[in-house]
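Trainee: I have a structure to read, and the terms confuse me. Could we go through it together?

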Amino acid sequence: MVMKAIEESLDNIIDKMVGVVEESKDEIFQISEDARTEYEKLVLELNTTKEKVLHYIEAEEILTKEVQASKKRLSIVSKYFDQYSEDEIRQVYEKTHHLQTKLLMLRQEEKALRQKRDEIERRIVSLERTINRAEGLVGKVSVVLNYLNNDFQQVNEIIKEAKEKHKFGLKIIQAQEEERRKISREIHDGPAQMLANILLRSELVEKTMRERTLDDALKEIKIVRSLIRQSLHDVRRIIYDLRPMALDDLGLVPTLNKYLSTVAEFHNILIDLTDLGSNKRLDTQYEVTLFRLIQEAVQNSIKHANATWIHVKFENTEEYLTAVITDNGKGFEMDKKREDTFGIIGMKERVDMLSGKLVINSKPGKGTKVIVRIPCPK
Ligand SMILES: Nc1ncnc2c1ncn2[C@@H]1O[C@H](COP(=O)(O)OP(=O)(O)OP(=O)(O)O)[C@@H](O)[C@H]1O
Ligand SMILES: [Mg+2]
């Protein structure tokens with residue numbers, strides 16, 4: 001429950017963070033776009049201003065020449081003033097004055113234009129800085145977003161995995177306890193009771209020998225012997241269930257053969273084993289893993305699928321150990337989350353430990369196929 005709450009609130013927090021960061025990214029992007037539009041406008045304005053300055057300079061050059069010419073004329077007219085009428089002199093004077101004033105104005109306007117040009121250049125430089133900064137920020141924010149969307153999401157996965165592992169650990173302890181209870185009950189009900197019975201019977205043999213005929217005593221001994229045989233059978237079965245010693249003595253395939261035929265007989269179904277192996281013995285760890293995997297898959301086919309036929313295929317090449325367990329049972333919905341079942345999780349764990357792969361194909365009504373592939377030990 002606590003884990004689930006943590007997971008959900010973590011999901012919420014991440015979602016909110018992603019939202020805020022995405023909004024910020026959009027805003028920064030907008031700022032950089034606005035700055036860029038302004039920048040382009042200013043570049044245009046700068047160009048026209050520069051052109052205008054050039055025009056002014058040209059106009060000033062022409063006007064300066066005119067002023068010089070006019071001044072020259074004025075000095076001539078002033079020098080030989082007796083040769084010109086008062087009107088003529090005044091006209092030359094006024095023209096010179098007018099031209100000079102015009103030139104002064106032009107110069108002032110040009111100066112103002114230059115100032116404007118410098119100001120635009122300054123603003124362009126500062127806008128360039130803003131655009132660069134905004135673009136840098138968008139990049140950084142994208143990195144944060146990526147982190148939030150990918151790496152951070154993995155935290156949730158890790159928590160989920162840890163939760164499953166935790167549950168699995170508990171289930172192992174439970175399973176151990178259950179196993180012990182089962183074994184003690186089996187020994188109690190089977191061999192222990194049988195031994196008590198044998199003890200009683202052996203006393204009866206003694207009594208019969210003393211009080212009745214030898215034949216009667218022999219009959220009793222026969223009964224005792226059959227009880228001992230049955231106990232022996234029970235003890236062997238219990239040992240086999242605990243861990244088939246044949247696995248250590250004979251190896252995987254002979255043990256599987258024996259196990260599968262016992263199961264088939266007990267449940268009255270058809271189980272066949274195709275062995276494409278090389279008869280080579282494998283590391284104990286590999287043999288135990290494969291045996292338990294096949295055992296779990298077969299038990300699932302019997303317990304859940306109502307299968308009437310199960311096929312086990314085992315292949316052992318240079319590269320891979322492969323086991324395929326197919327049943328003709330009712331199949332199941334693969335995506336359905338199941339609480340508190342650990343058979344398949346345990347299979348995955350075992351396969352993971354040997355760097356292998358487990359694939360289960362199943363569909364309601366279509367049977368189930370479990371495929372295990374483990375790389376061979378080097
Ligand atoms: N061969 C199959 N056919 C139909 N359903 C299956 C088969 N194998 C597994 N399932 C379904 O998948 C579920 C999970 O299987 P899993 O082995 O993990 O758990 P379990 O067998 O229910 O319990 P456990 O193995 O822990 O005793 C089963 O409860 C069953 O519904
Ligand atoms: Mg199971």
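Mentor: Start with the domains. The chain is assigned domain 1 (2–168), domain 2 (178–239) and domain 3 (245–375). Such bounds come from an automatic or database domain assignment. The C-alpha centres of domain 1 and domain 2 lie 105 Å apart. This is a predicted model: local features need pLDDT of at least 70, side-chain atom pairs count only at pLDDT 80 or more, and totals for chains, interfaces and linings use all residues. Residues are numbered from 1 along each chain as its sequence is written, chains are lettered from A and ligands numbered from 1 in the order in which they are written, and side-chain values use heavy atoms, with hydrogens and water left out.

Trainee: What makes residues 284–305 a helix, H6?

Mentor: Helices (H or I, at least four residues) and strands (E, at least two) are DSSP runs, numbered from the N terminus. H6 has 22 residues, so the run passes the minimum of four. The expected span is 1.5 Å times one less than the number of residues. H6 reaches 30 Å from its first C-alpha to its last, close to the expected 32 Å. Just after H6, Asn-306 takes a positive phi of about 55°.

Trainee: How do you know that strands E1 and E2 pair?

Mentor: Two strands pair if DSSP finds at least two bridges between them. E1 (residues 270–276) and E2 (residues 309–316) have seven bridges, so they pair. They run parallel. Thr-274 stands opposite Lys-313 in E2. The path from E1 through H6 to E2 is a left-handed β-α-β crossover.

Trainee: Why is it called left-handed?

Mentor: Point the strands away from you. A crossover is right-handed if the path from the first strand over the helix to the second then runs clockwise. This crossover is left-handed, so its path does not fit that rule.

Trainee: What joins E2 to E3?

Mentor: A hairpin does, through three residues. E2 and E3 (residues 320–327) pair in the antiparallel sense over seven bridges. Asn-316 has Leu-321 in E3 as its bridge partner.

Trainee: What makes the pair of ligand 1 and Asp-327 a polar contact?

Mentor: A polar contact is a pair of N or O atoms within 3.5 Å; within protein, one must be able to donate a hydrogen and the other to accept it, and residues adjacent in sequence count only if both atoms are side-chain atoms. A nitrogen atom of ligand 1 is 3.0 Å from an N or O atom in the side chain of Asp-327, so the pair qualifies. An oxygen atom of ligand 1 is 3.2 Å from such an atom of Lys-303.
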